[in-house]
Amino acid sequence: MNNKYLLSHKIQEPQNSILYIVGTPIGNLSDISYRALNIFRNVSFIACEDTRQTRKIMNKFEFKNNLISFNKHNSKKKIPRMISDLNSGKSIALVSDAGMPSICDPGEDLIREARSNGISVICIPGPCAAITALVSSGFPSSKFIFEGFLPKKNSEREKILYAIGANDKTTIVFESPHRLKNLLIKLKEICGGEREIIVSRELTKRYEENIGNTIEEVISYFEKKEVIGEITIVIKGIKKVNQNEYYNEEELKKDLLELKKAGLNLSAASKYLAKKNNLKKSLIYDMYKRQVINSDK
């Protein structure tokens with residue numbers, strides 16, 4: 001039985017008045033699904049983060065449809081019209097430049113508005129850089145944290161990095177090529193050079209790389225290289241230890257002071273140190289109070 005028969009007789013899609021969230025390849029165009037292609041061919045129109053990227057898929061698989069631009073610069077203006085189109089019976093496919101829509105793009109605003117208007121939303125699953133990098137890393141994946149792109153503001157960025165440093169779960173982040181080296185240096189400062197990490201570059205593409213095993217090793221690898229391509233970073237969580245194990249109070253005091261100097265308030269700094277050392281947050285608070293009382297004497 002050929003694929004055309006399956007598409008035309010077995011899958012009764014697209015349906016009217018439905019917003020389809022369609023996953024697209026993150027590099028290798030052959031990763032597109034038959035179901036996604038069927039949606040692309042037959043919806044009323046395709047809303048694209050960048051129409052040039054979607055045309056690459058259209059050209060490879062030889063189909064045509066109406067494309068509209070839908071991105072962070074024009075989404076607020078276009079959402080009301082798209083909701084109106086859906087209410088009138090049209091079907092829409094929403095795509096990002098690569099991977100799953102609404103992850104680090106304005107797709108989530110359209111989806112939320114569609115749902116609030118009683119419009120059905122159906123996801124056509126596809127590739128995802130975060131999950132691809134995670135399963136390739138070999139790090140624990142039953143529980144993980146996805147941070148997306150880190151904030152550009154240093155204070156906000158550092159708070160997240162300190163949280164990553166103290167977390168026992170695997171963390172996934174995206175980073176731009178020109179900021180990767182600085183991020184690795186900061187991760188070494190906060191997490192230590194022996195912390196396990198995998199940097200995935202150009203996933204699914206011809207020159208795909210998955211570089212590890214420790215932060216120190218990855219820094220050495222990129223030291224004299226120009227970083228290019230899409231970057232996904234997977235950071236292994238810290239190993240849990242017994243709360244009754246010995247801890248160095250003087251080291252904790254020193255770490256607490258450094259965190260406060262870096263701009264973290266007492267609550268955030270205490271939470272970070274408690275997680276990092278597998279201690280109760282109240283223990284850090286009590287230690288700080290004793291330190292303040294002693295300094296006043």
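The following conversation goes through a predicted model of one protein chain.

Visitor: What kind of model is this, and how are residues numbered?
Guide: The model is predicted, so local features need pLDDT of at least 70 and side-chain atom pairs count only at pLDDT 80 or more, while totals for chains, interfaces and linings use all residues. Residues are numbered from 1 along each chain as its sequence is written, and side-chain values use heavy atoms, with hydrogens and water left out.

Visitor: How many helices and strands are there?
Guide: The protein chain has 12 helices and 10 strands. These are DSSP runs numbered from the N terminus, with helices being H or I of at least four residues and strands being E of at least two.

Visitor: What does the C-alpha trace span, and what share of residues is buried?
Guide: The trace spans about 80 × 45 × 35 Å along its principal axes. Of the 297 residues, 43% count as buried. Buried means under 20% relative accessible area, exposed means over 50%, and partly exposed lies in between, with a 1.4 Å probe and protein chains only.

Visitor: What about contacts far apart in sequence?
Guide: Among contacts with a separation of 6 or more, 69% are between residues 24 or more positions apart. A contact means heavy atoms within 4.5 Å. One pair apart in sequence is Lys 56 and Leu 29, separated by 27 residues, with their C-alpha atoms 8.6 Å apart. Lys 56 lies in helix α3, residues 51–61, and is partly exposed because its relative accessible area is 47%.

Visitor: Turning to charges, how many salt bridges does the structure hold?
Guide: It holds 14 salt bridges. A salt bridge is a side-chain nitrogen of Lys or Arg within 4 Å of a carboxyl oxygen of Asp or Glu. In one of them, the side chains of Glu 175 and Arg 157 meet at 2.5 Å, N to O.

Visitor: Which elements does that pair tie together?
Guide: Glu 175 lies in strand β7 (residues 170–175) and Arg 157 in helix α7 (residues 154–166), so the pair ties together parts that are 18 residues apart in sequence.

Visitor: Are Glu 175 and Arg 157 buried or exposed?
Guide: Both Glu 175 and Arg 157 are buried.

Visitor: Which other salt bridges can you name?
Guide: Glu 209 and Arg 201 meet at 2.9 Å, N to O. Arg 201 counts as buried because its relative accessibility is 11%, whereas Glu 209, at 22%, counts as partly exposed. Asp 168 also bridges to Lys 169, with the closest N and O atoms 3.9 Å apart. Asp 168 is partly exposed at 32% relative accessibility, and Lys 169 is partly exposed with a relative accessible area of 32%. In addition, Arg 81, Asp 85 and Lys 90 are linked in a network of salt bridges.

Visitor: What is unusual about Arg 195, and where is it?
Guide: Arg 195 is buried yet has no salt bridge, and the nearest side chain of opposite charge, Glu 196, is 8.2 Å away. For charge, Lys and Arg count as positive and Asp and Glu as negative, while His and the chain ends are not counted. Arg 195 is found in the loop between α8 (180–191) and β8 (197–201).

Visitor: What does Arg 195 touch?
Guide: Leaving aside residues up to four places away in sequence, its contacts include Ile 164, Asn 167, Asn 213, Ile 235 and Gly 237.

Visitor: Asn 213 came up there; what is the peptide bond before it like?
Guide: A cis peptide bond joins Gly 212 and Asn 213, with omega about 20°. Asn 213 is found in the loop between β9 (209–211) and α9 (215–222). The bond from Glu 13 to Pro 14 is also cis, with omega near 0°, and Pro 14 is found in the loop between α1 (3–10) and β1 (18–22).

Visitor: Which residues have a positive phi without being glycine?
Guide: They include Ser 102, with phi of about 80°, and Thr 204, with phi near 70°. Most residues other than glycine have a negative phi. Ser 102 is found in the loop between β4 (92–95) and α5 (107–116), and Thr 204 lies in the loop between β8 and β9.
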